[in-house]
Amino acid sequence: MTNDRKNRAARAEQMRKEREKAERRQRNIISVAIVAVVVVLVGIGGWAIMNERDKNERQTEVVQPANTTDDYGIVYQPADGSEPPEDAPVVQLYEDFLCPACGQFEAANGQQIRQLADSGDIQLVYQPYSFLDQMGGSTNEYSLRATNIAMCALDEGGLEDFNAAHDALFANQPGEGGAGPSDAEITGWLEDAGVTVDESCVRTQNFGEWVKEAQSFGQSEHGVSGTPTILIDGEPLEDRSMAGILAAIGND
């Protein structure tokens with residue numbers, strides 16, 4: 001009997017120790033889980049604070065980029081630095097850097113249109129029209145951000161830097177319907193093209209409100225509803241082929 005009591009007591013003690021061990025293990029698991037949750041919440045909170053700070057830093061006043069016209073245009077300067085002839089037909093090209101048709105138009109006709117401007121046959125005016133974000137083209141405002149960065153290049157480096165930025169943005173054009181490349185990726189393309197833009201101009205979207213106004217102007221003043229839209233002396237061009245452009249300017 002004495003041995004049985006000892007054995008039962010030993011088993012009871014062993015079971016008690018095992019329960020305590022299991023309880024400690026469970027407490028440790030719960031503690032680790034709580035720490036993990038806290039870390040995630042702190043990370044989310046930090047991201048939210050940074051995101052809100054970035055929003056607050058964004059320029060809310062309309063700032064007009066240097067080298068733009070009062071009707072939101074960028075007048076192309078011929079390669080020799082001369083002013084375009086005043087009597088030459090004015091070709092206004094409404095573009096969105098996210099627009100696939102604009103990318104195709106630029107690839108097919110961009111160089112020839114600039115040659116027409118270089119030779120004095122036309123006055124070429126680029127008109128930003130960043131509307132595809134609102135149409136589901138981008139989930140992170142790629143269209144607006146890309147145009148703002150192009151305006152940063154124009155404001156800081158003039159027409160030559162804008163031309164290089166313009167070409168780099170179309171050469172690296174992303175697809176529609178998802179998150180577009182980050183600001184860092186976009187500025188990287190420009191750096192590869194020899195263009196450096198001020199980081200604060202990019203981060204605060206210094207010309208974002210101007211870009212929005214440019215779209216509103218195109219819509220209200222010229223009835224622009226999509227891109228590319230081409231105006232010849234203020235009149236919309238139906239045939240956007242190179243042959244159509246040449247015929248419209250009387251150079252066919």
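I began with Val224 in this predicted model, and, setting aside residues up to four places away in sequence, I found that Val224 touches Tyr94, Tyr129, Gly218, Gln219 and Thr229. I then looked up where Val224 sits, and it is in the loop between helix H6 (208-222) and strand S4 (229-232). For one of its partners I checked the separation: Val224 and Tyr129 are 95 residues apart in sequence, while their C-alpha atoms are 8.6 Å apart in space.

Is Val224 buried or exposed? I noted a relative accessible area of 2% for Val224, which is under the 20% cut-off, so I entered this loop residue as buried.

Next I turned to the largest nonpolar core, which holds 56 residues, and I listed Ile122, Leu124, Met151, Leu169, Leu190, Val197 and Ile230 as those with the most contacts inside it. Which helix gives this core its largest share? I found that helix H3 (residues 142-171) does, with 15 residues. As background, I recalled that nonpolar side chains tend to be buried together in soluble globular proteins.

From that list I followed Val197, which, leaving aside neighbours within four places in sequence, is in contact with Ile149, Cys152, Ala153, Glu156, Thr187, Leu190 and Val202.

Two of these contacts, Thr187 and Leu190, led me to helix H4 (residues 183-192), where I recorded Ile186, Thr187, Gly188, Trp189 and Leu190 as buried. The buried residues of H4 pack against H3 and against helix H5 (199-203). Last, I looked at what comes after H4, and there I noted Gly194, whose phi is positive, near 90°.

Methods: Residues numbered from 1 in each chain as written. Predicted model: local features only at pLDDT ≥ 70, side-chain atom pairs only at ≥ 80, totals over all residues. Heavy atoms only, no water. Core = buried A, V, L, I, M, F, W, Y, C linked by side-chain atoms within 4.5 Å. Buried < 20%, exposed > 50% of the residue type's maximum accessible area, 1.4 Å probe, protein only. Helix = DSSP H or I, 4+ residues; strand = E, 2+ residues; numbered from the N terminus. Contact = heavy atoms within 4.5 Å.
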